[in-house]
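Reader: I would like to go through this model with you, beginning with its charged pairs and then turning to its nonpolar interior. Could we take the points one at a time?

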Amino acid sequence: MIGVLASVAAWERDIIRERTMSGLHAARASGKLLGRSHAMSPAGRQEAIRAIKGGEAVRSVARRYGVAPRTIYRLIEATTETMEPGKAA
C-alpha cells in the first residue's frame, strides 16, 4: 500500500515539474523577463559607480539609493571584471 502511494506521489511531482517547465518555456518564448529585478536602475548604477570613483564612501552611496552596501560592492566587482583586459564582458 505504501509503495502505491509513493509511486502516485512521484507521478504527481513529475506532472507538476512538467507543467512548471512548460510555463517557463512559454513565458520565455513570449519575451517575459524572469527572475528578480535589479535593485537599481541602469542609470542609478552608472551614477553610483561615478560617485565611488569620485571618492564617495560606499555606505553613503548605498544609503542614497536605498540599497545595502553589499549591493554597491557587487556593482563595483562587476564593473571591474568587465574593465579588466583579457576578460570577456
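Reader: Does Glu-77 count as buried, partly exposed or exposed, and what is its relative accessibility?

Author: This is a predicted model, and the values are computed from it. Partly exposed covers the range between under 20%, which is buried, and over 50%, which is exposed. Glu-77 therefore counts as partly exposed, at a relative accessibility of 38%.

Reader: Which residue does the side chain of Glu-77 meet in a salt bridge?

Author: The partner has a relative accessible area of 40%, so this residue, Arg-70, is partly exposed. The N to O distance of the salt bridge is 3.3 Å, and the residue that meets Glu-77 is Arg-70.

Reader: What is the N to O distance in the salt bridge of Arg-64 and Glu-56?

Author: The structure holds three salt bridges. Arg-64, at 45% relative accessibility, counts as partly exposed, and Glu-56, at 30%, counts as partly exposed as well. Their side chains meet with an N to O distance of 2.4 Å.

Reader: Which helix supplies the largest share of the largest nonpolar core?

Author: This core has eleven residues, among them Met-40, Ile-72 and Leu-75. Helix 2 (42-53), helix 3 (58-65) and helix 4 (69-83) each supply at least two of its residues. The largest share is four residues, and the helix they come from is helix 2.

Reader: Which residue touches Met-40, Ala-48, Ile-52, Val-58, Val-61, Ala-62 and Val-67, leaving aside residues up to four places away in sequence?

Author: The residue asked for is itself listed in the largest nonpolar core, together with Met-40 and Val-67. With residues up to four places away in sequence not counted, the residue that touches these seven names is Ile-72.

Note on methods
Residues are numbered from 1 along each chain as its sequence is written. This is a predicted model: local features need pLDDT of at least 70, side-chain atom pairs count only at pLDDT 80 or more; totals for chains, interfaces and linings use all residues. Side-chain values use heavy atoms; hydrogens and water are left out. A nonpolar core is a set of buried Ala, Val, Leu, Ile, Met, Phe, Trp, Tyr and Cys residues joined through side-chain atoms within 4.5 Å. Buried means under 20% relative accessible area, exposed over 50%, partly exposed in between (1.4 Å probe, protein chains only). Contact means heavy atoms within 4.5 Å. A salt bridge is a side-chain nitrogen of Lys or Arg within 4 Å of a carboxyl oxygen of Asp or Glu.
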